[in-house]
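Hi there,

Here is the structure I promised to pass on to you. Have a look at it first, and then read my notes below.

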Amino acid sequence: MDVSQYLEIFIDETKEHLQSLNQQLLVLETEPENSETINEIFRAAHSLKGMAGTMGYKRMQRLTHDMENVFSEIRNGKMSVTADLVDVLFKGLDALEAYLGNIQESADEGTEDYEDIIDQLNNILNIGLGKEAPKEIKEDKPEEAITAASVTAEAVSQSSDSKCNKMIIADYEKKAIIKADDMGIDAFVITVYIQEYCILKAARAFLVFKALEGLGDVIKSQPEVQDIEDEKFDLDFSVVILTKVSEDNIKSKIMNVSEVKDVIIEKIDVDKNEVIDTAEEAYAVSEGYQDKAGNLSISSGKAGAGSAAAKQTAKPIVNRSVRVDIEKLDVLMNLVSELIIAKNGLVSISANEKNSKSGTGFNDQIEYLERVTTNLHESVMKVRMVPIESVVNRFPRMIRDLSKKLNKKMELYMTGEETELDRTVIDEIGDPLMHLLRNAADHGLESNEERLAAGKPPVGSIFLDAYQDGNNVVIEVRDDGAGVNVEKVKKKAVEKGAMTAEQAEAMTDKDIIDLLFEPSFSTAEMISDVSGRGVGLDVVKTKIEALGGDIEARTRLGEGSNFIIRLPLTLAIMQALMVELGSEKYAIPLGSIQTIEDVMNSEIKYVQSKEVINLRGTVIPLVRLDKILEVPETEKQQENLTVVIVSKGDRQAGIIVDNLIGQQEIVIKSIGKYINNNKIIGGATILGDGEVALILDVNTLV
Amino acid sequence: MEANLIDTKQCIVVKTGNEQYGIDIMYVDNIVRMQRITRVPKAQPYFKGVINLRGEIIPVMSMRLKFGLDDDVITNATRIIIIKLESQSAVGIIVDEVKEVITLDDTMIEKVANSAVEDKYGYLSGIGKHKGGLISLLNIAGVIIETV
């Protein structure tokens with residue numbers, strides 16, 4: 001069976017299940033008796049197994065199966081949850097994640113068997129049950145189940161493999177066959193293969209059935225007739241027919257139906273006793289399997305249907321979401337973008353028209369258009385928004401592992417998981433956050449003894465708070481640890497030769513702390529497994545700046561540190577101030593503008609031969625944008641300068657521009673990867689008249 | 001249609017300076033007239049800037065500057081060839097003139113290595129012979145992607 005088209009869904013759903021397993025296991029660790037949790041774990045594990053089996057990932061299926069066995073025993077109250085058990089289960093989850101990683105990269109699960117984990121699982125199972133006898137059963141049953149499941153998987157995956165043998169014929173059907181045989185009527189198993197490119201498989205199947213009806217009695221089909229009608233089959237299906245017509249005749253009739261690739265017909269030879277025997281056996285096996293797997297509603301004989309059914313029961317625990325192809329969203333985004341461009345065009349016409357005479361209808365139209373575009377924009381943005389929960393919910397598990405590894409007791413408190421961010425940001429923000437949390441756990445928090453000595457509660461706390469602040473989303477990673485030792489950082493900087501001791505003395509604490517974001521700067525004396533290789537905070541900073549945000553560190557010695565990340569709520573559309581430099585137009589994001597000032601030439605002062613102005617008591621450096629951007633010189637001799645004051649965090653700068661055009665909603669577009677982009681240009685936008693204006697990233701100027 | 005079964009290549013022939021260049025039609029998305037270009041500060045010198053092509057921002061390079069010729073003189077015949085190497089990112093190339101579309105088969109193409117032509121930058125993929133004239137077939141990826 002070609003399952004590649006389901007791969008994406010499989011990966012997504014597996015991720016969800018693994019996440020849910022991780023979370024529930026954490027709960028289980030603290031509340032071992034919570035039967036609700038155990039049930040949910042069991043369901044998730046079972047769905048995973050079914051899905052892996054359907055997709056033909058046998059190693060993954062085997063591991064989940066063994067884990068499921070353990071869950072099953074826990075659920076039945078035969079085993080209790082121990083710390084060791086949870087550790088092994090977490091290892092198992094990691095192994096599953098590794099499989100998933102392989103699958104994501106190469107559509108193949110890889111060759112790692114994780115025998116050690118499976119052995120551990122089985123050991124725990126044996127010890128937990130504490131009996132010899134069950135051990136035997138345990139060892140037999142997984143084997144059996146796996147073979148049973150893999151046989152079906154194979155049968156499904158190899159379409160050349162005849163299905164006839166796998167058809168289980170029920171008692172009454174056997175009787176019918178035997179009866180027919182007595183009357184000289186033959187029973188055939190017919191397996192019909194349909195061409196891969198066939199679109200209306202159900203219709204073809206219907207025609208096959210129609211052809212067969214004329215020949216004899218169809219007594220059974222696999223899958224069920226209803227499923228065939230609903231196209232719930234792959235490229236083949238089998239039927240049992242009682243007929244007097246010869247094999248060749250049947251074959252030619254079926255082959256007459258178009259898009260049928262092949263037909264395999266096998267006669268059912270009925271030895272009365274034998275048939276009954278084998279059938280009973282088959283029945284027994286399938287029943288046994290059902291017993292063992294707990295109260296599964298469906299045997300793995302129909303792996304596909306099984307997972308579908310399991311998914312239905314598991315539904316309430318996975319988040320209800322519609323998966324939307326990001327490409328489709330991008331198209332939608334582009335449409336909205338153009339709508340806005342069109343609107344801007346109208347606005348500029350209207351501005352020109354106003355000077356002469358204009359009808360009010362035209363203005364009404366514009367207002368209407370404006371309302372529509374704003375709404376459309378908002379709703380599309382909402383589709384793109386994902387709660388930050390999907391990123392942060394793996395952190396409790398991480399902190400738990402870190403706590404064990406570092407031998408420090410710590411707790412993670414999270415708030416604002418429901419805060420929403422753009423999908424692209426969500427995808428990127430995970431690593432930086434993880435890094436900050438690791439930092440907090442490893443360097444931030446002191447050991448439990450040190451904490452006690454310092455008069456703090458022994459268990460360290462790490463806080464992850466997300467909230468919306470105007471047009472930004474703020475994520476704070478906070479700890480109540482030792483904080484950053486500014487003197488130590490200074491010493492380190494001098495040691496590294498980054499600056500002289502005098503320079504270091506002259507720097508403010510804030511500047512020193514900002515040094516932490518410089519490349520290759522780690523204050524950890526010892527490089528540990530967890531963090532401290534000096535590739536940390538600068539990478540975090542780069543990543544966050546690439547997302548259009550910024551990061552700031554605040555720290556108090558002995559009280560802890562706080563890393564504050566600010567991210568823009570939306571990435572694609574923003575408000576900007578259009579300015580003119582010579583004959584060129586540039587857009588400055590409104591969010592970073594503080595004020596706009598008229599400054600007399602004579603007010604410019606010099607500090608260390610740099611131009612500054614004194615604005616209401618604050619000294620602000622001036623930036624000659626036309627020089628930086630190498631704008632062709634134009635003749636100008638102005639008394640007054642127009643200065644746009646922009647800020648980044650606490651720092652400010654005054655950008656000198658020639659002219660202000662006005663505020664506009666602009667659509668941000670990339671200028672492509674081939675052209676060398678220096679950091680000053682954050683993108684481009686299309687103005688109402690079709691002209692392209694570049695967007696300045698003022699962060700690089702301040 | 002039968003002729004397509006032989007290994008043939010369709011090329012757009014453009015003229016820049018005194019030379020004729022062939023661009024594999026596979027990579028050509030569009031050919032547009034010259035339009036207003038917005039300068040991008042501090043970009044590579046041969047990048048003229050960016051244009052707006054039906055709502056998409058496309059960087060535009062000058063073939064003349066890239067090949068070390070004089071700066072473009074914009075005439076009525078000047079065109080921008082929009083090249084799409086990958087589906088997501090397009091780039092425009094300014095040429096003096098677009099002449100025609102020709103079909104070349106393998107026998108009409110000479111490998112650069114066999115010829116006396118020097119191609120130290122990897123800009124060429126071969127020399128095409130067509131109606132007695134020579135056409136330098138561009139290795140478009142080599143021209144567009146910076147190899148510094």
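In chain B of this predicted model, half the story is about distant partners: among contacts between residues at least 6 apart in sequence, 50% join residues at least 24 apart. Chain B is built from two helices and 11 strands, and along the sequence they follow the pattern β-β-β-β-β-α-β-β-β-β-β-β-α. Of its 148 residues, 34% are buried.

Now for the nonpolar cores. In soluble globular proteins, nonpolar side chains tend to be buried together. Here the largest nonpolar core has 75 residues, and the members touching the most others are A:Ile588, A:Leu696, B:Ile23, B:Val50, B:Ile81 and B:Ile93. Strand β12 of chain A (residues 573–581) gives the most to this core, namely six residues. Domain 3 (326–386) and domain 5 (573–700) of chain A each supply at least three residues to this core.

Try finding A:Leu696 on your screen: beyond its neighbours within four places in sequence, A:Leu696 is in contact with A:Tyr586, A:Ala587, A:Ile588, A:Ile680, A:Ile681 and A:Gly682. There is also a second, separate core of 37 residues, and A:Leu437, A:Leu516, A:Leu537 and A:Ile551 are among them.

Lastly, is A:Val86 buried or partly exposed? A:Val86 has 17 other C-beta atoms within 10 Å, and buried would take 20 or more, so A:Val86 is partly exposed. A:Val86 sits in helix α4 (residues 83–106) of chain A. Outside its neighbours within four places in sequence, its contacts are A:Leu25, A:Leu28, A:Glu29 and A:Val81. A:Leu28 is 58 residues away from A:Val86 in sequence, yet their C-alpha atoms are 8.4 Å apart.

Happy exploring!

Notes: Residues are numbered from 1 along each chain as its sequence is written. Chains are lettered from A and ligands numbered from 1 in the order in which they are written. This is a predicted model: local features need pLDDT of at least 70, side-chain atom pairs count only at pLDDT 80 or more; totals for chains, interfaces and linings use all residues. Helices (H or I, at least four residues) and strands (E, at least two) are DSSP runs, numbered from the N terminus. A residue is buried if 20 or more other C-beta atoms lie within 10 Å of its own, exposed if 12 or fewer, and partly exposed in between; C-beta atoms are placed from the backbone. Two residues are in contact if their C-beta atoms, placed from the backbone, lie within 7 Å. A nonpolar core is a set of buried Ala, Val, Leu, Ile, Met, Phe, Trp, Tyr and Cys residues joined through C-beta atoms within 7 Å. Domain bounds come from an automatic or database domain assignment.
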